[in-house]
Amino acid sequence: MGSPPSAAPKPWLVPSLFVSSVLLHVYYSVKFPLAPDETYYWQWSRHLDWGYYDQGPMIAWWIRAGCALFGETPLGVRACAIVAALGTLFFVYRLTKELFGERAALLAMWPTLVTPMALAGSFVATYDPLMVMFWAAA
């Protein structure tokens, strides 16, 4: 009697999770109005500088890049958060795969996708999604 076949993850599963994540965050970003913090940072992006009174400049630069691509729209303002969420998901997947294998990497992606803070933080344009992405990269 042979051993049972291993339940290897399907090769399409990881890319489909990345695409689904982006589509979900794009949907949320156009559905909900901008939060007060987002409008504050959006205003910074219209007057770029090396720093601001209470934060560093990266969020303003990223919002400016998003608005250059998608216009002065909620999607343009929030594009940076969506990219950062995708980056975080990628780094969590890669690190876990390297340390524990493909199966564990797929399991590690789920909390990054479905916890309430991850869902909200992945489309709201604040400095937090950027900070989490760079911490995950490090």
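In this predicted model, His-25 is buried, with a relative accessible area of 3%. For a residue to count as buried, its relative accessible area must be under 20%, so the 3% of His-25 meets that cut-off. His-25 is found in helix 1. Leaving aside residues up to four places away in sequence, His-25 touches Ile-82, Ala-85, Ala-118, Leu-119, Ser-122 and Phe-123.

A second residue of this helix tells a similar kind of story. Ser-21 is placed in helix 1, which runs through residues 13-31, and at 5% relative accessibility Ser-21 also counts as buried. With residues up to four places away in sequence again set aside, Ser-21 touches Leu-89 and Leu-113.

It helps to look at the helix as a whole. Helix 1 has 19 residues, and the distance from its first C-alpha to its last is 27 Å, close to the 27 Å expected at 1.5 Å a residue. The buried residues in helix 1 are Val-14, Leu-17, Phe-18, Ser-21, His-25 and Ser-29. Seen down the axis of helix 1, these buried residues fall within an arc of 100 degrees, so they line one face of the helix. The face turned away from this buried side carries the exposed residues Leu-23 and Val-30. What, then, covers the buried residues of helix 1? The cover includes helix 4, helix 5 (102-114) and helix 6 (116-121).

Stepping back, the chain contains seven helices and zero strands. Read along the sequence, it follows the pattern α-α-α-α-α-α-α. Along its principal axes, the C-alpha trace spans about 70 × 30 × 25 Å. Of the 138 residues of the chain, 33% count as buried. Contacts that reach far along the sequence are also present: among contacts between residues at least 6 apart, 64% join residues at least 24 apart.

In soluble globular proteins, nonpolar side chains tend to be buried together. In the present model, the largest nonpolar core has 14 residues, and those with the most contacts inside it are Trp-44, Ile-59, Ile-63 and Val-77. The elements that give two or more residues to this core are helix 2 (36-45), helix 3 (58-70), helix 4 (74-100) and helix 7 (127-137). Which helix gives the largest share of this core? That share, four residues, comes from helix 3. One of the core residues with the most contacts, Ile-63, touches Tyr-41, Trp-42, Ser-45, Gly-76, Val-77, Cys-80 and Ala-125, not counting residues up to four places away in sequence. Apart from this core lies another, of nine residues, among them Val-14, Leu-17, Leu-89 and Met-109.

Helix 2 shows how one contributor to the largest core is arranged. Its buried residues are Glu-38, Tyr-41, Trp-42, Trp-44 and Ser-45. They cover an arc of only 155 degrees around the axis, which puts them on the same side of helix 2. These buried residues pack against helix 3, helix 4 and helix 7.

Two of those partners also meet each other. The axes of helix 3 and helix 7 come within 9 Å and cross at roughly 100 degrees. Angles of 65 to 115 degrees count as roughly perpendicular, and helix 3 and helix 7 are therefore roughly perpendicular to each other. Where they meet, Met-58, Ile-59 and Trp-62 in helix 3 contact Tyr-127, Leu-130, Met-133 and Phe-134 in helix 7.

Note on methods
Residues numbered from 1 in each chain as written. Predicted model: local features only at pLDDT ≥ 70, side-chain atom pairs only at ≥ 80, totals over all residues. Heavy atoms only, no water. Core = buried A, V, L, I, M, F, W, Y, C linked by side-chain atoms within 4.5 Å. Buried < 20%, exposed > 50% of the residue type's maximum accessible area, 1.4 Å probe, protein only. Contact = heavy atoms within 4.5 Å. Expected span 1.5 Å × (residues − 1). Arc of directions from axis to C-beta. Axes fitted to C-alpha atoms, helices over the stretch in contact; angles between N-to-C directions. Parallel < 35°, antiparallel > 145°, perpendicular 65-115°, else oblique.
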